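Notebook open, model loaded. I'm jotting down what I look up as I go.

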Amino acid sequence: MVTDNSTTTTAALLNDFLLPDSPMRLDGGISILPKVIKAVDFARSQGYLVIWVVREHDSLGRDVELFRRHLYATGKPKPALKGSKGSELIDGLVIKDEDYKVVKTRFSAFFNTNLHSVLQGAGIDSLVVIGIQTPNCIRQTVFDGVALDYKSVTVIVDATAAATPHVHAANIYDMKNIGVATPTLEEWCQN
């Protein structure tokens, strides 16, 4: 059950991960955009804190994972480059004044960010996670939320996406096995 102490965390719905010509495009990622918009609207209507988790990297890739540093070599596309159009939220998503933005450089929204402190300071003990990429950003954030003892962690299954439906389903299965709730958006909005 979602309580008044909940937050909705939205991960990585950036141009560089969704637009057709982007270097890190996730096939099928754009298809969840209407559900993400509806989830955010519902969360705001319930008074939940909406946290936007975005990736931003420096132009030399010094803050990116080692396995991705080759993407920042001279002449190559540089995904989620700080200040670029690619690091902006996809059209249709808007950060409002009452929302909070977390900038990350790794998969988990908790890794080397102030997210946990912000949540603790706001008295939030439950997480609802939406966005992309299920086996990376979603999974790492969820597992860290569980490890940090959040009372409940929820992933809205049809407001999250992976490269393929099979990868998405396998990761949802793993998260369910550690006690994560996995409702559809419709089910979540009815609770």
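**Thr 134.** I started with Thr 134 and found it in helix 4; helices here are DSSP runs of H or I with at least four residues, strands are runs of E with at least two, and both are numbered from the N terminus. Thr 134 has 0% relative accessibility, so it counts as buried. My cut-offs: buried is under 20% relative accessible area, exposed is over 50%, partly exposed is in between, with a 1.4 Å probe and protein chains only. Leaving out residues up to four places away in sequence, I get Thr 134 touching Arg 139, Thr 160, Ala 161, Ala 162, His 168, Asn 171, Ile 172 and Met 175. Contact means heavy atoms within 4.5 Å.

**Ground rules.** This is a predicted model, where local features need pLDDT of at least 70 and side-chain atom pairs count only at pLDDT 80 or more, while totals for chains, interfaces and linings use all residues. Residues are numbered from 1 along each chain as its sequence is written, and side-chain values use heavy atoms, with hydrogens and water left out.

**Confidence.** I checked pLDDT, the predictor's confidence in each residue from 0 to 100. The chain averages 91, and 97% of the residues score at least 70. Where is confidence lowest in the chain, and where is it highest? The low is strand 1 (residues 6–11), at a mean of 71, and the high is helix 5, at 97. Note to self: where pLDDT is low, the predicted coordinates should not be read in detail.

**Helix 5.** I then went to helix 5 (residues 165–176), whose 12 residues should span 16 Å at 1.5 Å a residue; the end C-alpha atoms are 16 Å apart, which agrees. The expected span is 1.5 Å times one less than the number of residues. Four names from the Thr 134 contacts come back here: His 168, Asn 171, Ile 172 and Met 175 are the buried residues of helix 5. Looking down the axis, I see them fall within an arc of 105°, so they line one face of the helix; the arc is that of the directions from the helix axis to the C-beta atoms. An α-helix has 3.6 residues a turn, so residues three or four places apart point the same way. On the face turned away from the buried side I noted the exposed residues His 166 and Tyr 173. What do the buried residues of helix 5 pack against? They pack against helix 4 and strand 5.

**Gln 133.** One step back along the chain, Gln 133 is in the loop between strand 4 (126–132) and helix 4. Its relative accessible area is 18%, so Gln 133 is buried. Beyond four places in sequence, Gln 133 touches Leu 26, Ile 138, Ala 161, Ala 162 and Ala 163.

**Strand 4.** Seven of the seven residues of strand 4 are buried, so the rest of the structure largely encloses it. I listed the faces: Ser 126, Val 128, Ile 130 and Ile 132 on one side, Leu 127, Val 129 and Gly 131 on the other, all buried. In a regular strand the side chains alternate between the two faces of the sheet. Strand 4 pairs with strand 5 in the parallel sense over six bridges; pairing needs DSSP to find at least two bridges between the strands. Leu 127 has Val 153 of strand 5 as its bridge partner.

**Gly 145.** Gly 145 lies in helix 4 and, at 0% relative accessibility, counts as buried. Skipping residues up to four places away in sequence, Gly 145 touches Phe 110, Leu 127, Tyr 150 and Val 153, and Leu 127 and Val 153 are the bridge partners I just noted.

**Aromatic pairs.** How many aromatic pairs does a search of the whole structure find? I get four. Rings of Phe, Tyr and Trp (its six-membered ring) pair if their centres lie within 6.5 Å; planes under 30 degrees apart count as stacked, over 60 as edge-to-face and the rest as tilted. Tyr 48 and Trp 188 have ring centres 6.3 Å apart and planes at 45°, so this pair is tilted. Tyr 48 sits in the loop between helix 2 (33–45) and strand 2 (49–55), and Trp 188 in helix 6 (residues 185–190), so the pair ties together parts that are 140 residues apart in sequence. Tyr 48 is buried at 8% relative accessible area, and Trp 188 is buried at 2%. The Phe 110 and Tyr 150 pair is also tilted, 5.9 Å centre to centre with 35° between the planes. Both of its residues, Phe 110 and Tyr 150, are buried. Last entry: ring pairs link Phe 42, Tyr 48 and Trp 188 into a cluster.
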